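Hi,

Here is the model I promised to pass on. Have a look at it first, and my notes on what turned up follow below.

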Protein chains: 2
Amino acid sequence: MKPEITIIYCTQCKWLLRAGWMAQELLQTFETEIAGVKLQPGTGGIYEVWIDAEQVFSFKTSRRFPQPKELKRLIRDIIAPEKDLGHNDRGI
Amino acid sequence: MKPEITIIYCTQCKWLLRAGWMAQELLQTFETEIAGVKLQPGTGGIYEVWIDAEQVFSFKTSRRFPQPKELKRLIRDIIAPEKDLGHNDRGI
């Protein structure tokens, strides 16, 4: 079964747009490897990225937002280690 | 339990962008009424909108794409009949 990615974002902080942008980045890169990306409203400064039941990024822990390149490498290393991310998202 | 909306879109037809746009429209309007919106890649000209296990829109049946206003009224009538959609999305 393909994994599902969830992005939980803070509605009070108006983070829907950046969450929506990141969802589309991930769907473009992992089009065939994931079951989908769920955008989930939250509150209180939350911005987290999960693969199924595993949290892979948290704003509260990192005190910053993930760049697409960084998040794609994190996700790739878990769900498709052999996948080449291409010149856009390869090196950090 | 809040309902989850799923938008299944055709990757071959490059319909991610319109699906991503619609997801953000729905999340903005139904911020407190839904558990989230899942964007799900598909193929073969698919563009469907589901509320949990109930299909509420299908491109294959309608032969066109839903306007936000129309889709919001469809969803509102099912998940929050008493909700006023505001001047933007009220009248058809």
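Chain A has four helices and four strands, where helices (H or I, at least four residues) and strands (E, at least two) are DSSP runs numbered from the N terminus. Starting at the N terminus, the order in chain A is β-α-β-β-β-α-α-α.

Before you read on, a word on the ground rules. This is a predicted model, in which local features need pLDDT of at least 70 and side-chain atom pairs count only at pLDDT 80 or more, while totals for chains, interfaces and linings use all residues. Residues are numbered from 1 along each chain as its sequence is written, chains are lettered from A and ligands numbered from 1 in the order in which they are written, and side-chain values use heavy atoms, with hydrogens and water left out.

**Chain A as a whole**

The C-alpha atoms of chain A fill a box of roughly 35 × 30 × 20 Å along the principal axes. The radius of gyration of chain A is 13 Å, which agrees with the value near 12 Å for a compact globule of 92 residues. That radius is taken over C-alpha atoms, and the globule rule is 2.2 Å times the number of residues to the power 0.38.

Of the 92 residues in chain A, 52% count as buried. Buried means under 20% relative accessible area, exposed means over 50%, and partly exposed is in between (1.4 Å probe, protein chains only). The accessible surface of chain A is about 4,800 Å², and 50% of it belongs to carbon and sulfur atoms; these areas come from the Shrake-Rupley method with a 1.4 Å probe, and for residues only the protein chains shown count as cover.

As for contacts (heavy atoms within 4.5 Å), residues 24 or more positions apart account for 61% of those in chain A with a separation of 6 or more. On the charge side, chain A has 13 positive and 12 negative side chains, and the centres of the two sets lie 7 Å apart. Lys and Arg count as positive and Asp and Glu as negative, with His and the chain ends not counted; each charge is placed at NZ of Lys, CZ of Arg, CG of Asp or CD of Glu.

**Helix α1, in both chains**

In chain A, helix α1 covers residues 16–29, so 14 residues, and spans 20 Å from its first C-alpha to its last, close to the 20 Å expected at 1.5 Å a residue. The expected span is 1.5 Å times one less than the number of residues. Buried residues of α1(A) include Leu16(A), Met22(A), Leu26(A) and Leu27(A). Helix α1 of chain B also has 14 residues (16–29) and reaches 20 Å, and its buried residues include Ala19(B), Gly20(B), Ala23(B) and Thr29(B).

**Some buried residues**

Val56(A) sits in strand β4 and is buried at 14% relative accessibility. Beyond its neighbours within four places in sequence, Val56(A) contacts Val49(A), Trp50(A), Ile51(A), Leu74(A) and Ile78(A). Val56(A) and Ile7(A) are 49 residues apart in sequence, with their C-alpha atoms 10 Å apart.

Arg76(A) may catch your eye: it lies in helix α3 (residues 68–79), and it counts as buried because its relative accessible area is 14%. Leaving out neighbours within four places, its contacts are Phe30(A), Pro81(A), Lys83(A), Asp84(A) and Leu85(A).

Ala80(A) is in the loop between α3 and α4 (86–89) and is buried, at 2% relative accessible area. With the same neighbours left out, Ala80(A) touches Glu33(A) and Ile75(A).

Over in chain B, Pro66(B) is in the loop between α2 (59–62) and α3 (68–79), and at 5% relative accessibility it is buried. Outside four places in sequence, Pro66(B) touches Met22(B), Tyr47(B), Phe57(B) and Leu71(B).

**Two positive phi values**

Most residues other than glycine have a negative phi. Which residues have a positive one here? Asp52(A) has a phi near 50°; it lies in the loop between β3 (47–51) and β4 (54–58) and is partly exposed at 47% relative accessibility. Lys14(B) has a phi of about 60°; it is in the loop between β1 (4–10) and α1 of chain B, and at 68% it counts as exposed.

Cheers
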